[in-house]
Amino acid sequence: MTLSKSFVAERERAEGCTHVLLITTGSVASIKAPLIVAELLHYQNVIIEVVSTKASLEFFDTKEIVKAGSRVWTDEDEWTGGYRIGDPILHIELRRWADIILIAPCSANTLSKIAHGLCDNLVTSLLRALAPTTPTYVFPAMNTLMYEHPLTAEHLRVVRDVVKYHVVGPIGKNLACGDVGLGAMTEWKDIVQIVVNKFNLVRKEKTSST
Ligand SMILES: Cc1cc2nc3c(=O)[nH]c(=O)nc-3n(C[C@H](O)[C@H](O)[C@H](O)COP(=O)(O)O)c2cc1C
């Protein structure tokens with residue numbers, strides 16, 4: 001199935017649907033993105049778009065997201081080389097579209113960029129242009145020493161207290177890098193549950209083929 005890569009919020013928003021924008025960044029935990037998408041799409045009236053940094057694309061196959069029924073947007077979709085005045089601007093359209101934003105996982109790098117107001121890629125541009133009324137959840141995921149670095153605490157403070165995002169996790173476990181400790185992303189099922197609870201989502205009826 002080929003899905004359109006042009007995006008205009010007004011056309012893409014559907015009456016009665018919950019529009020979930022999942023941002024993935026360069027942590028190994030991005031491997032969970034297809035699971036989050038597939039699980040959320042088991043609920044009625046949910047539409048998901050995924051926006052990924054270049055680094056996060058190392059960790060999952062975008063085809064899996066498409067197979068689940070969603071799309072992945074990257075810097076290449078923003079900078080197409082053919083912009084004309086009046087054309088829709090992708091980072092603005094995506095933030096107009098979203099009812100909720102999940103930054104799952106949030107790398108130390110993207111966390112730092114958000115805390116400093118940087119907007120040098122599709123992910124951070126859309127976050128910088130976001131209305132403060134759009135609920136935004138940050139799920140940090142990084143090596144334990146990255147997490148324990150004093151700058152991380154400061155960036156999380158700014159993101160929580162100044163930018164007013166919800167910070168959830170990280171949790172402690174055996175990390176992919178071999179360290180044991182705090183730094184892992186909140187379990188992907190718990191991330192899905194946050195959206196389910198917030199919007200009172202109802203699971204689709206099971207059919208014999210599923
Ligand atoms: C194999 C591998 C795993 C990585 N895992 C993490 C991680 O879990 N958390 C993190 O903050 N950075 C991790 N990094 C480093 C980030 O990918 C790097 O800082 C990158 O610039 C992040 O870019 P982004 O924030 O634009 O996605 C990892 C790098 C590699 C090569």
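**A walk through the predicted chain, starting at Val50**

Setting aside neighbours within four places in sequence, Val50 is in contact with Leu22, Thr24, Ala33, Val37, Ile65, Ser70, Arg71, Val72 and Trp73. The model that shows these contacts is a predicted one. Val50 is also one of the residues with the most contacts inside the largest nonpolar core, which has 49 residues. The others named with Val50 in this respect are Leu22, Val51, Leu102, Ile103 and Phe139. Strand S4 gives the most to this core, with five residues. In soluble globular proteins, nonpolar side chains tend to be buried together.

The core sits in a chain with 10 helices and eight strands. The radius of gyration is 17 Å, close to the 17 Å that the globule rule gives for 210 residues, so the chain is as compact as a globular protein of that length. Along the principal axes, the C-alpha trace spans about 50 × 45 × 30 Å. Of the 210 residues, 40% count as buried. Among contacts with a separation of 6 or more, 76% are between residues 24 or more positions apart.

UniProt, in an unreviewed entry, lists residues 19–198 as "domain: Flavoprotein". Over residues 19–198 the chain is 40% helix and 21% strand. The C-alpha atoms at the two ends of this stretch are 12 Å apart.

Helix H10 covers residues 188–199. From its first C-alpha to its last, this helix of 12 residues reaches 17 Å, close to the 16 Å expected at 1.5 Å a residue. Which residues of H10 are buried? They include Ile191, Val192 and Val195. These residues cover an arc of only 100° around the axis, which puts them on the same side of H10. Their cover includes strand S1 (18–24), helix H2, strand S4 and strand S5 (136–140). The face of H10 turned away from the buried side carries Lys189 and Asn197, which are exposed. After H10 comes Asn200, with a positive phi near 50°.

Two other residues with positive phi lie in loops. Asn45 has a phi of about 55° although it is not a glycine. Its loop runs between helix H2 (33–40) and strand S2 (46–52). Is Asn45 buried, partly exposed or exposed? With 14 other C-beta atoms within 10 Å, Asn45 is partly exposed, because a residue counts as buried at 20 or more such atoms and as exposed at 12 or fewer. Lys164 likewise is not a glycine, and has a positive phi of about 70°. Lys164 is found in the loop between helix H9 (150–162) and strand S6. Lys164 has 10 other C-beta atoms within 10 Å and is exposed.

The backbone also has cis peptide bonds at prolines. One is the bond from Ala104 to Pro105, with omega near 5°. Where is Pro105 placed? Pro105 is in strand S4 (residues 100–106), the strand that gives the most to the largest nonpolar core. Another cis bond runs from Gly169 to Pro170, also with omega near 5°. Pro170 is in the loop between strand S6 (166–167) and strand S7 (171–174).

How values were computed. Residues numbered from 1 in each chain as written. Predicted model: local features only at pLDDT ≥ 70, side-chain atom pairs only at ≥ 80, totals over all residues. Helix = DSSP H or I, 4+ residues; strand = E, 2+ residues; numbered from the N terminus. UniProt positions renumbered as here; feature names shortened; annotations may be inferred. Expected span 1.5 Å × (residues − 1). Arc of directions from axis to C-beta. Contact = placed C-beta atoms within 7 Å. Core = buried A, V, L, I, M, F, W, Y, C linked by C-beta atoms within 7 Å. Rg over C-alpha atoms; globule rule 2.2 N^0.38 Å.
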